[in-house]
Amino acid sequence: MVESALEGVGWEVLEQILPRYDKPLPRYTSYPTAPVWSEDYDTRSFVRDLQDPDREPGAPRALYVHVPFCREICHFCACNRVITRDADLVERYLSTIEREIDAIHKALVGEQAVGQIHWGGGTPTHLSPEQIHRLFGMLTNAFPVAEEAEISIEVDPRVTTPEHVDTLRECGFNRLSLGVQDFDPRVQKAIHRIQSPEMTADLVNRARASGFSSIGLDLIYGLPYQTPESFARTLDDVIAISPDRIALYAYAHVPWVAKQQRGFERGDLPEPSTRVQIMLLGIRRLLDCGYEFIGLDHFAKPEDGLAKALRSGTLRRSFMGHTTQDGVELIGFGPSAISELGSAYAQSHRDLPSWSEAVAEGGVATMRGHRLSAEDAERRWVIFRVISCSELRADEYRAVFGKEFADVYAAEISSLAEQESDGLVEIGSDGSVKVLPL
């Protein structure tokens, strides 16, 4: 495991090495990444790709639903959300997304069973229990759902009631993801999200009693006023709750996107070296407690589906985060939602009025996208093998593409010299790349 592999290195070495790699780079939830997609790829392009008869028949399908509403603004958040308590606005959203679901269902070729459904936001439990039933019925009436499907939702403990939990289980949701970020009172006040460990534990216990098979908590390091000491207390509370999965994300400071983050620029954010200390503290504590390190920023108990997918080689990084199924076609609904087909990406209009207007006009709201070239598809395969499996084997590449990896990617391999010297990667004689525990 990671802990034992690092015993000869020493955690203090990590504090020296990692700051050199602390720089803004793509997350690679897609390749090519969304900022380079084109508005030339429009609604007609997306519908044409949905109807492409050459798409892989019988490929598993996943559905993502973006519910953009929140009652209050969290100052750290750069997600696409609408702050509202207008009940009529939510009803109009439901009517619009029903039209979108119907239009995409009619355009799709084939009736592959849905193996994954995920609702994100925003705050999906901003919807009332009755509205949740309605939206879930829209989806499942249009798309057949596999018997063993993973059906997950992101919830905010501050607005999620026992009735919400019961409704979600009645619908068939079996995985719950709770936003926590940090339990320290000073940090919570700065990010405008007051949420006690007791409130969070109560919701987790209710969900477990209702039969949810996997529960995850989301944490963020690099938030205003965070220190290693304060985050250690948050970790104590999280470990006591004992979720099945934990996401440990780095705070993304993007005030040009999220204007409310500008207040953090007065020196409230921890220094880069402190961020590294907090991250390493989180990694070490979670490993000590028996969690397995999954990919870039996830941890899971050994018996959780993510850990099993890592061991079986089916782990996949997508716009839904780490998922347990490889080769899945993702269809997105709602404002800003992204669809990932085998040969293309498509993103809907981000803001609610533009999305609503586009759906009213044509049923589909594509704002931009990208159709993959052969080189795009190959590089995507390479990147996702490294991200999902921590390894790229030259013989597997040869079997898929009929070429020698060391010849095609000679420049990329040579660019890893510093990482190899630092003990981050291991390069084989045939060009195979293995990401080491460090």
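# A walk through the model, helix by helix

Helices α6 and α8 run roughly parallel to each other, because angles under 35 degrees count as roughly parallel and theirs fits that description. Keep in mind along the way that you're looking at a predicted model.

**Stop 1: α6 and α8.** Select residues 162-171 for α6 and 197-210 for α8. The two pack at an angle of about 30°, and their axes are 10 Å apart. Turn the view until one helix sits in front of the other: α6 passes α8 in a right-handed crossing. Now show the side chains. On the α6 side, pick P162, V165, D166 and R169; on the α8 side, pick L203, R206, A207 and S210. Colour them by class and you'll get four nonpolar, one polar and three charged residues in this contact.

**Stop 2: the loop leading into α8.** Step back to H192, which sits in the loop between α7 (185-191) and α8. What is the phi of H192? It's positive, about 60°, even though H192 is not a glycine. That's worth a pause, because most residues other than glycine have a negative phi.

**Stop 3: two cis peptide bonds.** Most peptide bonds are trans. Here are two that aren't. Zoom in on Y31 and P32, which are joined by a cis peptide bond with omega of about -5°. P32 belongs to the loop between α2 (11-17) and α3 (43-50). Then jump to G121 and G122: the bond from G121 to G122 is cis as well, with omega near 15°. G122 has its place in the loop between β4 (114-121) and α5, and α5 takes us to the next stop.

**Stop 4: α4 and α5.** Select residues 87-107 for α4 and 129-142 for α5. How do these two helices line up? Their axes come within 10 Å and cross at roughly 5°, so α4 and α5 are roughly parallel to each other. To see what touches what, show V90, E91, Y93, L94, S95, I97, E98, I101 and H105 on α4, then Q131, R134, L135, M138, L139 and A142 on α5. Sorted by class, the residues of this contact come out as nine nonpolar, three polar and three charged.

**Stop 5: the second largest pocket.** Switch on a surface and head for R316, D326, G327, V328 and R380. Of the 25 residues lining the second largest pocket, these are the closest to its centre. The pocket holds about 590 Å³ of space. Which helix gives the largest share of the lining? It's α13 (residues 374-389), with seven residues. The lining as a whole divides into nine nonpolar, six polar and 10 charged residues.

**Stop 6: α13 and its partner α14.** Keep α13 selected and add α14, residues 394-401. Their axes are 12 Å apart, and the helices pack at an angle of about 155°. That makes α13 roughly antiparallel to α14, since angles over 145 degrees count that way. Rotate until you're looking through one helix at the other: α13 passes α14 in a right-handed crossing. Finish by showing the side chains where they meet: E378, W381, V382 and R385 in α13 against E396, Y397, V400 and F401 in α14. What classes do you find in this contact of α13 with α14? Five of the residues are nonpolar, none are polar and three are charged.

Notes
Residues are numbered from 1 along each chain as its sequence is written. This is a predicted model: local features need pLDDT of at least 70, side-chain atom pairs count only at pLDDT 80 or more; totals for chains, interfaces and linings use all residues. Side-chain values use heavy atoms; hydrogens and water are left out. Axes are lines fitted to C-alpha atoms, for helices over the stretch in contact, and angles run from 0 to 180 degrees between N-to-C directions. Helices (H or I, at least four residues) and strands (E, at least two) are DSSP runs, numbered from the N terminus. Angles under 35 degrees count as roughly parallel, over 145 as roughly antiparallel, 65 to 115 as roughly perpendicular and the rest as oblique. Contact means heavy atoms within 4.5 Å. Ala, Val, Leu, Ile, Met, Phe, Trp, Tyr, Cys and Pro count as nonpolar, Asp, Glu, Lys and Arg as charged, and the others, Gly among them, as polar. On a 1 Å grid over the protein atoms alone, a cavity is a set of points where a 1.4 Å probe fits but cannot get out, and a pocket is an open set with protein on both sides within 12 Å along at least five of seven lines; lining residues have an atom within 4 Å of a point. Grid points are joined across faces, edges and corners, and a volume is the space filled by probe spheres set on the points. A crossing is left-handed if the near helix is turned anticlockwise from the far one by less than a right angle, and right-handed if clockwise.
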